[in-house]
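Subject: Structure for your review

Dear colleague,

Please find below the structure I am handing over to you. My account of what was found in it follows directly after.

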Amino acid sequence: RHLLNADALGHKKAHALSATMQSVFPDRGAPPWISCDYLAPGEDESKLIAALKGAELILDFSASVTVERRLARDQRSSARRMTAFLNQRGDESVLLVEDGGRKINLFWLEAEYLRAVAFDAKLTGHFADVGVVAHRYGNGCRDVSATVPQEGVALHAGMLSHRIRKAAGNSDAVVVVSRWSRESGAVTVVNVAVSAPVAVVIAGWQVLLHPTVVQQLAEQRAKNLPNETGGILVGVVDRTQHTLAVIG
């Protein structure tokens, strides 16, 4: 959702947005733009790399898990990264913010977010009714969309803009979920606690363990020895980057 009008028809969206920003801030000139696929930039790769290297902050609004995870590992820039997206119903927004030193990257923040959805009662129903609101518009496995009212998009855009500016002003890692009720109009904010993972490398895979998992495993082992202990582990797997995040 954006404010581009009929004058933008036939132009690349990035170019049209640059022109719109120049009209809003005429004394600053048109900001530079690149229209390419971050995952496969093609002939624009050199421009993309230069932009990444020169950036102080990288904002991801792609709503793509693949892009977010690639950004988390992209060594072509030292810039801090943030990503923001809506849930499937479009009534809740999520903001993930790396810490200033990038010791806690987007991949681990994604795991912290999913851990909160799984175990925190304040986020009950975050993924509810996905099958009801989803509409298939193509034949691909991910070709689904949802009808989201413009006021909901505008509301979340405003809140996210505020939180992004606020987060950029400090060095803390952030995971925050804003829950908007379409019935009452109320907004509930859930700030998810972020912990630094315990990292180990096993057979070429980086394994990130939530500190509470390490504590629980140690307690169970101490309690049950000499009997064998074990069970199901819950987490996130990135086979492309050979990374595991164990969250429960």
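The lining of the second largest pocket in this predicted model divides into 5 nonpolar, 3 polar and 2 charged residues. The residues concerned are Leu95, His162, Arg163, Lys166, Ala167, Asn170, Val174, Val176, Val189 and Asn191. The volume of this second largest pocket is about 210 Å³. Three elements, namely helix H6 (150–168), strand E6 (174–180) and strand E7 (187–192), each contribute at least two residues to the lining. H6 provides the largest share, with 4 residues.

Two of these elements, E6 and E7, also belong to an open sheet of 5 strands, which has the order E1-E2-E3-E6-E7 and mixed pairing. At its edges are strand E1 (57–60) and E7, each of which pairs on one side only. From one strand to the next, the twist averages 15 degrees. Within this sheet, strand E2 (residues 80–86) and strand E3 (residues 92–97) are paired in the antiparallel sense over 5 bridges. In this pairing, Thr83 stands opposite Leu96 in E3.

Helix H4 (residues 106–119) lies across E2, E3, E6 and E7, and runs at about 140 degrees to E3. The loop between E3 and H4 contains Arg102. The phi of Arg102 is near 60 degrees, a positive value in a residue other than glycine. As background to this point, most residues other than glycine have a negative phi.

H4 also packs against helix H3 (residues 65–73), at an angle of about 130 degrees and with the two axes 7 Å apart. H3 and H4 are therefore oblique to each other, because an angle that is neither under 35 degrees, nor over 145, nor from 65 to 115 counts as oblique. On the H3 side, the contact is made by Val65, Glu68, Arg69, Leu71 and Ala72, which meet Leu106, Phe107 and Glu110 in H4. The residues of this contact divide into 5 nonpolar, no polar and 3 charged.

A further open sheet is formed by 4 strands in the order E8-E9-E11-E10, again with pairing that is mixed. Strand E8 (198–202) and strand E10 (235–238) are the edge strands, each pairing on one side only. Neighbouring strands of this sheet are turned against each other by 15 degrees on average, with direction ignored.

Both senses of pairing can be followed through E9 in this sheet. E8 and E9 run antiparallel and are joined by 5 bridges, and Ala199 stands opposite Leu208 in E9. By contrast, strand E9 (residues 205–209) and strand E11 (residues 243–246) run parallel, with 4 bridges between them. Gln206 stands opposite Thr243 in E11, while the bridge partner of Leu209 in E11 is Val246.

What is the phi of Ala203 in the hairpin of E8 and E9? The hairpin has 2 residues between the strands, and Ala203 takes a positive phi near 50 degrees there. Ala203 is thus a residue other than glycine with a positive phi, located in the loop between E8 and E9.

One peptide bond also deserves mention. The bond from Leu225 to Pro226 is cis, with omega near 10 degrees. Pro226 lies in the loop between helix H7 (211–224) and E10, and E10 is one of the edge strands of the sheet of 4 strands described above. For comparison, most peptide bonds are trans.

When you go through the model, you may wish to begin with the backbone of three residues: Arg102, whose phi is near 60 degrees, Ala203, whose phi is near 50 degrees, and Pro226, which follows the cis bond from Leu225.

Yours sincerely

Conventions: Residues numbered from 1 in each chain as written. Predicted model: local features only at pLDDT ≥ 70, side-chain atom pairs only at ≥ 80, totals over all residues. Heavy atoms only, no water. 1 Å grid on protein atoms, 1.4 Å probe; cavity = no way out; pocket = protein on both sides within 12 Å on 5 of 7 lines; lining within 4 Å. Points joined across faces, edges and corners; volume = space filled by probe spheres on them. Nonpolar A, V, L, I, M, F, W, Y, C, P; charged D, E, K, R; others polar. Pairing = 2+ DSSP bridges. Axes fitted to C-alpha atoms, helices over the stretch in contact; angles between N-to-C directions. Contact = heavy atoms within 4.5 Å.
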